[in-house]
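Got your viewer open? Let's take a walk through this one together, one selection at a time.

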Amino acid sequence: MTDRGTAVVTGGSRGIGAAAAIALAADGWDVGVSYRTRSEDAEQVVAARERLGRRAVAVQAEVSEPAEVEGLFDTVSAELGLIGAVVNNSGVVSPAGRVADYDVERLERVFRINTIGAFLVAGSAVRRMSTERGGRGRVIINVSSRGAVLGSAGEYVDYASSKAAVDTLTVGLANEVAKEGIRVLGIRPGLIETEIHEPGRLDRIGTTPPLGRPGTADEVAALIAFLASDGASYMTGSMVDVAGGR
Ligand code: NAP
């Protein structure tokens, strides 16, 4: 099997991140995943990657804490080697609500994890991957949301806005580090079957995309594995939707 190097997937204990970690391992990457609390789920993802013949590690790291993000990258580098791909995937939503009813605690939480967390992960990634800093470049993939474009009215405009900032991070950082060997790409999933949704939400609106169903984490993971591969070598600064036409 091709040996592609080492990847880091934040929020790799379940959902899209877990599927991405397994798809990357199947494609020849050794993969370090981070999680916040669900260590048993993260260890299952490690075992699945080891069954694919790849090396794997799981690290607890709160994505909005700079020292913990640095610790994640240090541990993965020490155990698996030079990092060549980073999937910036950890994210949260808040309970459905209208803008007029949001309080500042809610806003701070969603922007701290989704936006500041994405910036911290991107910064740690560039510090290790940039060819100007001793790295060998390659790829950062930011997981945004179709909500960034659609706005998520009546549910979570704060979440959608926190992801719109991730789209802008993608374009700005791509331009900043293109000559340092790093491609930066973003994906915007639509409705994907994971635990991020409040119970009943997918039953209620899961058939609304033109393709008539929600997507699976594996369908998003296949896109991530492609963007990390040499097949996407002329792509940077782009956002790719994986949303069933929604
Ligand atoms: P999920 O099933 O809820 O998984 C979230 C992952 O993020 C878990 O691994 C979780 O760790 C980790 N995480 C959450 N908060 C964290 C924090 N503060 N620090 C570190 N890790 C944290 O979510 P998902 O649906 O796979 O979503 C993955 C990404 O896709 C998110 O950025 C989400 O916004 C985006 N997205 C999802 C959809 C969708 O329909 N599912 C659509 C568009 C975009 P623990 O397991 O330890 O809690």
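In S3, look for Val59: this residue is the bridge partner of Ser34. Before you go on, keep in mind that what you have on screen is a predicted model.

**Stop 1: the sheet**

Now select strand S2, residues 29–35, together with S3; the two run parallel and are joined by five bridges. Zoom out to the whole sheet. In what order do the strands sit? Read across and you get S3-S2-S1-S4-S5-S6-S7, seven strands in an open sheet with parallel pairing. At the edges are strand S3 (56–60) and strand S7 (239–242), each of which pairs on one side only. Turn the view a bit: on average, neighbouring strands of this sheet are turned by 20 degrees against each other, ignoring direction. As background, the strands of a sheet pair through backbone hydrogen bonds, and they can do that in a parallel or an antiparallel way.

**Stop 2: strand S6**

Select S6, residues 182–189. Is this strand mostly covered or mostly open? Covered: eight of its eight residues are buried. Switch on the side chains and you'll see Ile182, Val184, Gly186 and Arg188 pointing one way, while Arg183, Leu185, Ile187 and Pro189 point the other way.

Next, add the strands that pair with S6. S5 runs parallel to S6, with six bridges between them; for one of the pairs, click Ile140 and then its partner in S6, Val184. S7 is also parallel to S6, this time with four bridges. Try Pro189 here, and you'll find its bridge partner Val242 in S7.

**Stop 3: two helices across the sheet**

Show helix H6, residues 157–177: this helix lies across S5, S6 and S7, and its angle to S6 is about 160 degrees. Then show helix H8, residues 217–228, which crosses S2, S4, S5, S6 and S7 and runs at about 165 degrees to S6.

**Stop 4: the ligand**

Select the ligand and the residues around it. Which of those 31 residues come nearest? They are Ser13, Arg14, Thr37, Tyr159 and Thr194. Now check some distances:

- Thr37: a backbone N or O atom lies 2.7 Å from a ligand oxygen.
- Ser90: an N or O atom of the side chain is 3.1 Å from a ligand nitrogen.
- Lys163: a side-chain N or O atom is 2.7 Å from a ligand oxygen.

How much of the ligand does the protein bury? Taken alone, the ligand exposes 910 Å², and the protein buries 98% of that.

**Stop 5: three single residues**

Start with Ser130, in the loop between helix H4 (104–129) and S5. Its relative accessible area is 0%, so Ser130 counts as buried. Show what touches this serine: apart from neighbours within four places in sequence, Ser130 is in contact with Gly135, Glu180 and Ile182.

Move on to Arg138, which sits in strand S5. Its phi is near 110 degrees, a positive value in a residue other than glycine. With 30% relative accessibility, Arg138 counts as partly exposed.

Last, pick Ser152, in the loop between helix H5 (147–150) and H6. Here too phi is positive, about 55 degrees, although Ser152 is not a glycine. Buried or exposed? Ser152 counts as buried, because its relative accessibility is 15% and the cut-off for buried is under 20%.

Technical notes. Residues are numbered from 1 along each chain as its sequence is written. This is a predicted model: local features need pLDDT of at least 70, side-chain atom pairs count only at pLDDT 80 or more; totals for chains, interfaces and linings use all residues. Side-chain values use heavy atoms; hydrogens and water are left out. Two strands pair if DSSP finds at least two bridges between them. Axes are lines fitted to C-alpha atoms, for helices over the stretch in contact, and angles run from 0 to 180 degrees between N-to-C directions. Contact means heavy atoms within 4.5 Å. A residue is near a molecule or strand if one of its heavy atoms lies within 4 Å of it. A polar contact is a pair of N or O atoms within 3.5 Å; within protein, one must be able to donate a hydrogen and the other to accept it, and residues adjacent in sequence count only if both atoms are side-chain atoms. Accessible areas come from the Shrake-Rupley method with a 1.4 Å probe; for residues, only the protein chains shown count as cover. Buried means under 20% relative accessible area, exposed over 50%, partly exposed in between (1.4 Å probe, protein chains only).
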